[in-house]
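This briefing goes from the overall make-up of the chain to its sheet, its packing helices and one lysine side chain. Please keep the sequence and the structure in view while reading.

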Amino acid sequence: MDMKKSISLGSKKPVYPTKRTVNLIEQATPKVNRTVEILLFVAVLIAIAIFAKFLVADPLASAAQSTAQLQEAQAQLTQLKEEAADFSQVSAEHERYVVVGKTEAEQNLADRNQLFDLLGTKIAGAAHLQSVKVSGNTVTLTCLGLALPEVSRLVESLENDERVAYVTVSTTEASDKSQSSATIQMVLRGANQVDAAAGAKDAAGAAGSSGGAGATGAPAGTKAGETNGK
């Protein structure tokens with residue numbers, strides 16, 4: 001840079017404003033009414049409160065109430081189901097013990113369907129039936145063409161059936177041994193005995209397998225003794 005060179009700032013003409021008038025009139029600005037603002041604010045708050053109540057709070061409260069009612073109804077339904085769980089058993093016992101017109105002997109009759117099943121499974125395939133007589137729970141069968149070992153096996157099969165209380169038998173044979181017959185009388189367990197046996201079986205099962213085995217062995221020995229004695 002040449003320090004000896006003169007610096008020229010140049011010359012500029014001054015610029016003056018050309019506007020020669022000034023507006024001294026103050027423009028009027030509208031004043032805000034505070035009361036109106038407060039009223040508008042309150043109105044907005046009221047509108048928001050109404051919206052929140054009818055469109056938010058009330059539906060939520062209604063839904064909560066409906067849910068509570070549903071839960072209460074489900075609880076009542078569950079309770080009714082639990083109370084009605086044993087209805088069939090109670091109804092059967094009511095018909096057996098309360099129904100007017102049935103004597104004690106009629107109430108204790110064995111199930112005839114079980115009798116038909118017993119005849120079909122135990123007797124029909126093992127012997128030729130000549131006659132069947134049923135009186136109460138006593139069934140008398142007359143069978144033809146049975147040898148003594150076959151009669152013994154048939155009686156043992158009947159004694160081992162839980163539907164039979166006990167069995168007696170008598171045999172006859174022709175002089176020429178051409179034909180033999182056996183009269184078998186069996187007494188079925190009555191309805192009351194079946195219920196009592198079922199209750200004893202449940203109690204024995206709860207007490208343990210050893211107690212159940214002992215309880216089961218006693219009736220079998222008793223029936224065998226009664227048959228052998230007769």
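Helices here are DSSP runs of H or I with at least four residues, and they are numbered from the N terminus. By that numbering, Lys 53 belongs to helix 1, which covers residues 34–83. The model is a predicted one, and the points below describe the whole chain before returning to this lysine.

**Chain as a whole**
- The chain contains seven helices together with four strands, and, read from the N terminus, these elements follow one another as α-α-α-α-β-β-α-β-β-α-α.
- Of the 230 residues in the chain, 16% are buried, while the area that the chain exposes comes to about 18100 Å², with carbon and sulfur atoms supplying 58% of it.
- When contacts between residues at least 6 apart in sequence are considered, 59% of them join residues that are at least 24 apart.

**The sheet**
- The four strands form an open sheet in the order 1-2-4-3, and their pairing is antiparallel.
- The edges of this sheet are strand 1 (128–135) and strand 3 (164–173), each of which pairs on one side only, and the twist from one strand to the next averages 15 degrees.
- Strand 2 (residues 138–144) is joined to strand 4 (residues 180–188) by seven bridges in the antiparallel sense, and Val 139 has Met 186 of strand 4 opposite to it.
- In general, the strands of a sheet pair through hydrogen bonds of the backbone, in either a parallel or an antiparallel manner.

**Helices on the sheet**
- Helix 4 (residues 112–123) lies across strand 1, strand 2, strand 3 and strand 4, and it runs at about 150 degrees to strand 4.
- Helix 5 (residues 148–159) also packs on the sheet, where it touches strand 3 and strand 4, and its direction makes about 170 degrees with that of strand 3.

**Lys 53 and its surroundings**
- Is Lys 53 buried, partly exposed or exposed? Its relative accessibility is 42%, and because the partly exposed class lies between the limits of 20% and 50%, Lys 53 counts as partly exposed.
- The charged end of Lys 53 sits over the ring of Phe 54, at 5.7 Å from the centre of that ring, whereas the structure holds zero aromatic pairs.
- If neighbours within four places in sequence are left aside, the residues in contact with Lys 53 are Asp 58 and Pro 59.

Technical notes
Residues are numbered from 1 along each chain as its sequence is written. This is a predicted model: local features need pLDDT of at least 70, side-chain atom pairs count only at pLDDT 80 or more; totals for chains, interfaces and linings use all residues. Side-chain values use heavy atoms; hydrogens and water are left out. Helices (H or I, at least four residues) and strands (E, at least two) are DSSP runs, numbered from the N terminus. Buried means under 20% relative accessible area, exposed over 50%, partly exposed in between (1.4 Å probe, protein chains only). Contact means heavy atoms within 4.5 Å. Accessible areas come from the Shrake-Rupley method with a 1.4 Å probe; for residues, only the protein chains shown count as cover. Rings of Phe, Tyr and Trp (its six-membered ring) pair if their centres lie within 6.5 Å; planes under 30 degrees apart count as stacked, over 60 as edge-to-face and the rest as tilted. A charge sits over a ring if NZ of Lys or CZ of Arg is within 6 Å of the ring centre and within 35 degrees of the ring normal. Two strands pair if DSSP finds at least two bridges between them. Axes are lines fitted to C-alpha atoms, for helices over the stretch in contact, and angles run from 0 to 180 degrees between N-to-C directions.
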